[in-house]
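Okay, thanks for coming, everyone. I'll put the structure up and then walk you through a few spots in it.

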Amino acid sequence: MKNREFKNVCAAVLLPALLAAGFSGCGGKASPAVQAEDGDALKMKEGGDLVFGVATELNNFDPFTSLTADVRAVNFNIFEGLVKVSDDGGFVPALASAYEVSPDAKKYTFTLRSGVKFHDGRDVTAEDVRWSLQHAIDKKLAGYDNIKEYSFDGDKLSVMLGEPDTGFIARMTAAVVPAGSTGLALHPVGTGPFKFVEYEEQDHIKLVKNESYWGTPAHLDSVTVKFESSQAGLVLSFQAGTIDGFNASADTISQLDESSMRKYLTNSNTVQLLALNNDFGPFQNADVRRALNYLVNSEEIIAMVNYGYGAKLGSGLIPNLAKYYDSSLSSVYDRDVDKAKELLQKAGYGDGFSFTITVPSNYTVHVRTAEVIVNELASAGIDAKIRQVDWATWLQNVYKGRQFEATVVSLDGSIAYPTAFLSRYVSSSGKNFINFKSAAYDAAYISAEESVDEAQQVEGFKKAQQILNSEAASVWIQDIAEFTVYNKKFAGTRHYPLYVSDYSAIYQVED
């Protein structure tokens, strides 16, 4: 089955009258009637309570310390920064009503929006912004170490950088929280369209509509995020009617009754890879890593695991960051067993070798991907074994502890900018859990990050991807396609070049 390369899917199409008036794209303020993917004309009904399932337990909602993509997806609804990402990948004012960037990309000036309230009823003040900014610096959020100084003049915040960074505006999506906040992990307080009201360990969290929201309000009264142990658990709960929706992998869709659901297709905006620990014996040799790239067949994985839905990758960046993405790299390592064997012989592993792929058991798509990879590697005498672990163990031992040989996982970006994906491969990065070391990569990345010339910056980020590919830091597989599915009572979605769930776009359908 040929893989289907796709871009963001506009799952709700604006009415022709709106289009004629000059509106374009998806997202923004919802229309009372929209056209859904299934072709039915839908009428919106305000209010309602949605139960949305996720295939893991969420237990740390602190926007400054949380690690997982699933938490960031939920936090998108709770917290806001001075700016926020738009569905076209740009950045628009949020808690700042306006912002300016100096020509040298070293000074950023924000005008604070008036009249915004936190979920606990307090007004957002300059002190809250100052405290949040300093907290982000203290917690070592990526890019905040470049802040040289900052100051307030009334409702204006000026941030001076030590080095130019045209992408710093993306970093200012970081959350603004009440000054002196403690306990954000389980008692998050933000300014978003939903506020956090309840957490039950190993079961669910509950969000309710923020009635004092400064922007376009949510349609639903509440969203309960229900924790499940796996995709299989999500399917059973959806079929039983105990959850109203979830993000489904392509293989899961085949198990569901199409007539009883509404589905929206998008890319996950994550990089699925066979991550190789570059400190592990054989993987210290770039030719061995290249050999694995020639053996792993992304198209086969997309066809067998994802039913043909997915975007084949050749580096650590997602296709939706299209301006910076080097699409030519996806065909560099088309499957070639003979070439792989030559490289293994050259590296001294002509008879093959053994290693273990540690996989988080709650993500069926990664387990099944690892199973396909095991068979593909066997064609060159490589004996790969799969070890399944729970998510907490994976985070602790693999991601934090770097105690692994290889793993299959998807990596997301915390902001809609190349640095969020590519900074993790800089030699000194704390997120460089694969232990990749390349002076050439470091130089290309830093040059791109600090450039104020757009063409040079794009060229620099592409060069960084090319180095990742040529040095085969890991095996890049795909940006996994996924479906958001609801029962027929609900509709609506809005997509971004990030792994997020925008609950404010979901609404009840009038009978």
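Before I point at anything, one cut-off: when I say a residue is buried, I mean its relative accessible area is under 20%, while exposed means over 50% and partly exposed is whatever falls in between. And please keep in mind that this is a predicted model.

So let's use that cut-off right away, on Asp502. Buried or exposed, what would you say for Asp502? Asp502 has a relative accessible area of 9%, so it goes down as buried. If you want to find it on the screen, look in the loop between strand 21, that's 490-491, and strand 22, that's 507-509.

What does the side chain of Asp502 make polar contacts with? There's the side chain of Arg494, at 3.0 Å, and there's the side chain of Ser504, at 2.5 Å. Now leave out anything up to four places away in sequence, and Asp502 touches Phe76, Asn77, Arg494 and Tyr496. So Arg494 turns up in that list of touching residues and also as a polar partner through its side chain.

Okay, on to strand 20, which covers residues 475-487. How many of its residues are buried? The count is 13 of 13, so on the under 20% cut-off the strand is mostly covered.

Let me go through the strands that pair with strand 20. Strand 13, residues 245-249, runs antiparallel to it, with five bridges. If you want a landmark there, Gly245 has Tyr486 of strand 20 as its bridge partner. Then there's strand 14, residues 261-267, also antiparallel to strand 20, and here seven bridges join the two. Over on that side, Leu265 is matched with Phe483 in strand 20.

Strand 15, residues 271-276, pairs with strand 20 in the antiparallel sense too, over three bridges. The spot to look at is Leu274, which sits opposite Val475 of strand 20. And then strand 16, residues 310-312, makes an antiparallel pairing with strand 20 through three bridges. Gly310 is the residue to click on, and its bridge partner in strand 20 is Ile480.

Next up, charges. As a general point, side chains of opposite charge can pair when their charged atoms come close. Searching the whole structure turns up 15 salt bridges. I'll show you three of them, starting with Arg171 and Glu449, whose closest N and O atoms are 3.2 Å apart. Why do I say this pair ties together distant parts of the sequence? Arg171 is in helix 4, residues 168-171, and Glu449 is in helix 13, residues 439-450, so the salt bridge links parts that are 278 residues apart in sequence. Both ends are under the cut-off: Arg171 is buried at 5% relative accessible area, and Glu449 counts as buried at 19%.

Now compare Asp203 and Lys226, whose side chains meet in a salt bridge at 3.3 Å, N to O. Asp203 is in the loop between strand 10 (194-200) and strand 11 (204-209), and Lys226 is in strand 12 (residues 222-227), so this pair ties together parts 23 residues apart in sequence. Here we're out of the buried range: Asp203 is partly exposed at 23%, and Lys226 is partly exposed at 24%.

The third one is Asp383 with Lys385, with 2.5 Å from N to O. Asp383 is partly exposed at 34%, and Lys385 counts as partly exposed at 46%. Coming back to Arg171 for a second, salt bridges with shared partners join Asp165, Arg171 and Glu449 into one network.

Last topic, the rings. The structure has 30 aromatic pairs. Take Phe238 and Phe246: their ring centres are 5.5 Å apart and the planes sit at 65°, so we call the pair edge-to-face, which needs an angle over 60 degrees. Phe238 is buried at 10% relative accessibility, and Phe246 is buried as well, with a relative accessible area of 0%. And if you'd like a group of rings to look at, Tyr324, Tyr417, Phe436, Tyr441, Tyr445 and Phe461 form one aromatic cluster.

That's my tour, so let's open it up for discussion.

How values were computed
Residues are numbered from 1 along each chain as its sequence is written. This is a predicted model: local features need pLDDT of at least 70, side-chain atom pairs count only at pLDDT 80 or more; totals for chains, interfaces and linings use all residues. Side-chain values use heavy atoms; hydrogens and water are left out. Buried means under 20% relative accessible area, exposed over 50%, partly exposed in between (1.4 Å probe, protein chains only). Helices (H or I, at least four residues) and strands (E, at least two) are DSSP runs, numbered from the N terminus. Two strands pair if DSSP finds at least two bridges between them. A polar contact is a pair of N or O atoms within 3.5 Å; within protein, one must be able to donate a hydrogen and the other to accept it, and residues adjacent in sequence count only if both atoms are side-chain atoms. Contact means heavy atoms within 4.5 Å. A salt bridge is a side-chain nitrogen of Lys or Arg within 4 Å of a carboxyl oxygen of Asp or Glu. Rings of Phe, Tyr and Trp (its six-membered ring) pair if their centres lie within 6.5 Å; planes under 30 degrees apart count as stacked, over 60 as edge-to-face and the rest as tilted.
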